Amino acid sequence: MKIAWDISIQSTPFRTGVERVQRCLLQELTRIDRKNEYLLIAKEWLEFEFPLPDNFRIVDLSEHDTSYLWRERLLPPLIKK
């Protein structure tokens, strides 16, 4: 299965509860799931303190306009593709 996941909140400088929970979920999924393909959608390139396996790919949208309503404009064509 292909799974697209918006991880753009991970670029915030100070992580609160939501960001921490998402990062912990991502870290555990990288550890246990080698079957599904993950597209990690971010507004900029992100580095993690844990390795991403081959079935996890970051889609960096930093070259696109990620201002207001970026999810509504950029994600539908990306997910269709």
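## Starting at Asn55

Helices and strands here are DSSP runs, with at least four residues for a helix and at least two for a strand, and they are numbered from the N terminus. With that in hand, we can place Asn55: this residue sits in the loop between E2 and E3. Keep in mind that we're looking at a predicted model.

Is Asn55 buried or exposed? Its relative accessible area is 12%, and buried means under 20%, so Asn55 counts as buried. Leaving aside residues up to four places away in sequence, Asn55 touches Asp33, Arg34, Lys35, Asn36, Glu37 and Tyr38.

## Thr30 on helix H1

Now hop over to helix H1, which covers residues 17-32 and includes Thr30. Thr30 is buried because its relative accessibility is just 6%. What does a polar atom of the Thr30 side chain have 2.6 Å away? That would be the backbone oxygen of Gln27.

Thr30 has contacts further along the chain too. Not counting residues up to four places away in sequence, Thr30 touches Phe50, Pro51, Leu52, Pro53 and Phe56.

## Two nonpolar cores

Here's a handy rule of thumb: in soluble globular proteins, nonpolar side chains tend to be buried together. In this model, the largest nonpolar core has 11 residues: Trp5, Ile7, Leu26, Tyr38, Leu40, Ala42, Leu46, Phe48, Phe50, Phe56 and Ile58. Both E2 and E3 supply at least two residues of this core, and E2 gives the most, with 3 residues.

Let's zoom in on one member, Ile7. Setting aside residues up to four places away in sequence, Ile7 is in touch with Gln22, Leu40, Ile41, Ala42, Leu46 and Phe48. There's also a second, separate core of 7 residues, which includes Leu39, Ile41, Val59 and Leu61.

## Gln10 and Glu47

Gln10 lies in the loop between E1 and H1. With a relative accessible area of 4%, Gln10 is buried. Which residues does the Gln10 side chain reach at 2.9 Å? One is Glu19, through its backbone oxygen, and there is a polar contact with the side chain of Gln22, also listed at 2.9 Å. Not counting residues up to four places away in sequence, Gln10 touches Arg15, Glu19, Gln22, Arg23, Leu46 and Phe48.

Glu47 is found in the loop between E2 and E3. Glu47 counts as exposed because its relative accessibility is 61%. Its side chain makes a polar contact with the side chain of Trp45, at 2.6 Å. How many residues apart in sequence are Gln10 and Glu47? They are 37 residues apart, yet their C-alpha atoms are 9.5 Å apart in space. Glu47 and Pro13 are 34 residues apart in sequence, with 13 Å from C-alpha to C-alpha.

## The largest pocket

Finally, let's look at the largest pocket, with a volume of about 240 Å³. Its lining is made up of Lys2, Ile3, Ala4, Glu37, Leu39, Arg57, Val59, Leu78, Ile79 and Lys81. By class, that lining has 6 nonpolar and 4 charged residues, with no polar ones.

Which element gives the most to the lining? It's E1, with 3 residues. Strand E1 (2-6), strand E2 (37-42), strand E3 (56-60) and helix H2 (70-80) each supply at least two residues. Some names here have come up before: Glu37 lines the pocket and is also touched by Asn55, while Leu39 and Val59 line the pocket and belong to the second core.

Terms used. Residues are numbered from 1 along each chain as its sequence is written. This is a predicted model: local features need pLDDT of at least 70, side-chain atom pairs count only at pLDDT 80 or more; totals for chains, interfaces and linings use all residues. Side-chain values use heavy atoms; hydrogens and water are left out. Buried means under 20% relative accessible area, exposed over 50%, partly exposed in between (1.4 Å probe, protein chains only). A polar contact is a pair of N or O atoms within 3.5 Å; within protein, one must be able to donate a hydrogen and the other to accept it, and residues adjacent in sequence count only if both atoms are side-chain atoms. Contact means heavy atoms within 4.5 Å. On a 1 Å grid over the protein atoms alone, a cavity is a set of points where a 1.4 Å probe fits but cannot get out, and a pocket is an open set with protein on both sides within 12 Å along at least five of seven lines; lining residues have an atom within 4 Å of a point. Grid points are joined across faces, edges and corners, and a volume is the space filled by probe spheres set on the points. Ala, Val, Leu, Ile, Met, Phe, Trp, Tyr, Cys and Pro count as nonpolar, Asp, Glu, Lys and Arg as charged, and the others, Gly among them, as polar. A nonpolar core is a set of buried Ala, Val, Leu, Ile, Met, Phe, Trp, Tyr and Cys residues joined through side-chain atoms within 4.5 Å.
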